[in-house]
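Trainee: I would like to learn how to read sheets and a buried charge. Could you take me through an example?

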Amino acid sequence: MPRSTVGHRPARRALRAGLAAVAAAAAAGALGGCSSGPAGPPASPPSSSRPAQAASTASPSGSVVLDERARGTTVRVPPGTRVVVRLHSTYWSAPTGSDPRVLAPAGARTTPGGTCRPGGGCGVSAAEFTARRSGTALVTARRDSCGEAMRCPPGQGRYEVTVTVTP
């Protein structure tokens with residue numbers, strides 16, 4: 001007497017559907033850990049969203065804090081102002097100034113984030129400057145990587161802010 005497989009078809013379909021669901025869940029879990037960049041805030045918004053020039057005034061404490069959003073802008077400060085640059089990734093080099101007579105360096109550091117996965121670039125690259133005298137200085141930083149094993153797209157590997165010291 002030949003075997004009948006009619007009774008087994010619904011069970012096979014259910015098994016195939018279950019295996020497909022498990023495979024899809026495993027694939028989603030494997031991809032969930034991938035990232036196109038370091039954790040935290042975006043490294044830098046697209047250049048088209050930033051103004052070509054931005055005026056800034058010192059806070060009552062006598063300091064100005066700049067981050068990725070200030071990239072490509074001009075900041076005006078009076079002499080004596082403390083200018084702090086904080087870039088939110090350890091992939092950035094320490095910010096440097098082009099003219100220490102105008103914008104004197106007052107320290108730089110890179111601080112890794114405490115909960116970062118290896119290769120994630122989590123942390124802050126920062127520098128402080130003191131506005132000394134009238135003039136203009138360029139603050140720059142560079143990075144080659146914009147994420148784990150990911151080269152920066154054009155325009156994302158350089159940070160530049162013009163600081164104009166005016167009385």
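Trainee: In which sense do β7 and β8 pair, and over how many bridges?

Mentor: Strands of a sheet pair through backbone hydrogen bonds, either parallel or antiparallel. Here β7 and β8 pair in the antiparallel sense over 8 bridges, with L138 opposite T162 in β8. Strands are DSSP runs of E, at least two residues, numbered from the N terminus, and two of them pair if DSSP finds at least two bridges between them. This is a predicted model, where local features need pLDDT of at least 70 and side-chain atom pairs count only at pLDDT 80 or more, while totals for chains, interfaces and linings use all residues. Residues are numbered from 1 along each chain as its sequence is written, and side-chain values use heavy atoms, leaving out hydrogens and water.

Trainee: What is the strand order in the open sheet with β7 and β8?

Mentor: The order of its 4 strands is β2-β8-β7-β4, with mixed pairing. β2 (74–77) and β4 (96–97) are at the edges with a single partner strand each, so one side of each has no neighbour in the sheet.

Trainee: Where is R143, and which side chain of opposite charge is nearest to R143?

Mentor: R143 is in the loop between β7 (135–142) and β8 (158–165). R143 is buried (under 20% relative accessible area, 1.4 Å probe, protein chains only). R143 has no salt bridge (a side-chain nitrogen of Lys or Arg within 4 Å of a carboxyl oxygen of Asp or Glu); the nearest side chain of opposite charge, E68, is 6.4 Å away. The R143 side chain does reach the backbone oxygen of Q156, at 2.9 Å.

Notes
Buried means under 20% relative accessible area, exposed over 50%, partly exposed in between (1.4 Å probe, protein chains only). Lys and Arg count as positive and Asp and Glu as negative; His and the chain ends are not counted. A polar contact is a pair of N or O atoms within 3.5 Å; within protein, one must be able to donate a hydrogen and the other to accept it, and residues adjacent in sequence count only if both atoms are side-chain atoms.
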